Amino acid sequence: MIKKGFSYIGIYFLHLLSFLPFWFLYTLSDILYYPIYYLIRYRRQIVRKNLLNAFPDKELAEIIQIEKKHYRYLTDLMFEIVKLSSISKPELLSRVKMKEHEQVQAYLKRGESTISCTGHYGNWEMCMVVAGIEFYADCNVIYKPINNKTFESWFNRLRSRFGNTLVAMRQTPRQVIATKNETTMFCFASDQSPVRSEVQYTLNFLNQSTAVLMGLEKIARQTNRPVFYFEFNRVKRGYYEIVAIPLCLNPKQTKTHEITDLFFKHLEQTINKQPQYWLWSHNRWKLNH
């Protein structure tokens, strides 16, 4: 009960914080970077290990530069997500722009449902909120529940403020069936790690053997919905673009693992361009040990 009370206090504080202008939040971010990186050293061992394994050809000095850029962005990301609690729709749309998404819109306007997939790259939370605003369909965002249900409820309110439907990962098949007669877009962040007992497939991703989730491919092949990779690019501080890239337009004609392989190929290309914006602090390869 006490823990829940502290959670509510924390959420109330974060909501108040969200009313501050972006320039002030970024000033706080600049300050917060130093204790998080140098004093608290938040997950620095995991980040360093992940970067060294992902980029074996890079010198240590370059790895450290990517690492520092990652932490500077991580503090920005924290405040940008908090800002979602009160940001207006016009300001949000001025900061995140859709590009090359006409093909997705065409499917949805014809009443044909689609699937989008992305990774934990850039501000995926902000970008998925904008996707739900921009497209002519109910946007079903698949998420992995967290242990603190109070904070999970708050996060889901942020994600659904402008109309997105939040679907817990294990409820995805049920939601697909429940909405089969509606025009929907199911959105997957497919770079998370499965639990050991559910590993069905591993591939090479960022120079490492990587156990991957198969939900995206299973739903795509079962429903034959066209799949688009949403590439999130950070244009400058606080501004993003979403590029909709056709990944597979006829999933039933694909071979087993083909869609999964294509997704991770595209995600790796995105990461290689600007690696500091991927979530390196996640212990992504814990199953390798």
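Which residue takes a positive phi in the hairpin of β6 and β7? In this predicted model, that residue is Leu-206, with a phi near 55°. The hairpin leaves 2 residues between its strands, and the strands themselves, β6 (residues 202–205) and β7 (residues 208–211), pair in the antiparallel sense over 4 bridges. Within this pairing, Asn-204 has Ser-209 of β7 as its bridge partner. The side chains of β6 alternate along the strand. Leu-203 and Phe-205 point to one face and are buried, whereas Thr-202 and Asn-204 point to the other face and are not buried. Asn-204 thus appears twice in this description, as the partner of Ser-209 and as one of the residues on the face that is not buried.

A second hairpin is formed by β8 and β9, again with 2 residues between the strands. Here Gly-238 sits in the turn and has a positive phi of about 85°. The two strands, β8 (residues 227–236) and β9 (residues 239–248), pair in the antiparallel sense over 9 bridges, and Phe-230 stands opposite Ala-244 of β9. Strand β8 also has a parallel neighbour, β2 (residues 114–118), to which 3 bridges join it. In that pairing, Cys-117 is matched with Tyr-229 of β8. Because 8 of its 10 residues are buried, β8 is largely enclosed by the rest of the structure.

The cysteines can be considered next. The model contains 0 disulfides. For Cys-117, the nearest cysteine sulfur belongs to Cys-187 and lies 9.7 Å away. Cys-248 is likewise in no disulfide, and its nearest cysteine sulfur, that of Cys-117, is 9.9 Å away. Cys-117 counts as buried because its relative accessibility is 1%, and Cys-248 counts as buried because its value is 8%.

Turning to the helices, α8 (149–159) has a polar contact at its start, where a side-chain oxygen of Asn-148 reaches to within 3.1 Å of the backbone nitrogen of Thr-150. Thr-150 is itself buried, as are Glu-152, Trp-154, Asn-156, Leu-158 and Arg-159 of this helix.

Helix α8 also contributes to the largest pocket, which holds about 1,300 Å³ of space. This pocket is lined by 37 residues, and those nearest its centre are His-120, Trp-124, Ile-146, Arg-159 and Leu-279. Arg-159 is therefore a residue to look at from two sides, given that it is buried in α8 and lies among those nearest the pocket centre. The elements giving two or more residues to its lining are α4 (60–83), α7 (124–134), β3 (138–143), α8 and β5 (184–189). By class, the lining has 23 nonpolar, 7 polar and 7 charged residues.

The second largest pocket has a volume of about 670 Å³. Its lining consists of 25 residues, of which Met-169, Arg-170, Glu-198, Leu-213 and Gly-215 are the closest to the centre. At least two lining residues each come from β3, α9 (172–178), β5 and α10 (215–223), with α10 supplying the largest share, 5 residues. This lining divides into 14 nonpolar, 7 polar and 4 charged residues. Strands β3 and β5 are named for the lining of the largest pocket and also for that of the second largest.

Conventions. Residues are numbered from 1 along each chain as its sequence is written. This is a predicted model: local features need pLDDT of at least 70, side-chain atom pairs count only at pLDDT 80 or more; totals for chains, interfaces and linings use all residues. Side-chain values use heavy atoms; hydrogens and water are left out. Buried means under 20% relative accessible area, exposed over 50%, partly exposed in between (1.4 Å probe, protein chains only). Two strands pair if DSSP finds at least two bridges between them. On a 1 Å grid over the protein atoms alone, a cavity is a set of points where a 1.4 Å probe fits but cannot get out, and a pocket is an open set with protein on both sides within 12 Å along at least five of seven lines; lining residues have an atom within 4 Å of a point. Grid points are joined across faces, edges and corners, and a volume is the space filled by probe spheres set on the points. Ala, Val, Leu, Ile, Met, Phe, Trp, Tyr, Cys and Pro count as nonpolar, Asp, Glu, Lys and Arg as charged, and the others, Gly among them, as polar. A polar contact is a pair of N or O atoms within 3.5 Å; within protein, one must be able to donate a hydrogen and the other to accept it, and residues adjacent in sequence count only if both atoms are side-chain atoms. A disulfide is a pair of cysteine sulfur atoms within 2.5 Å.
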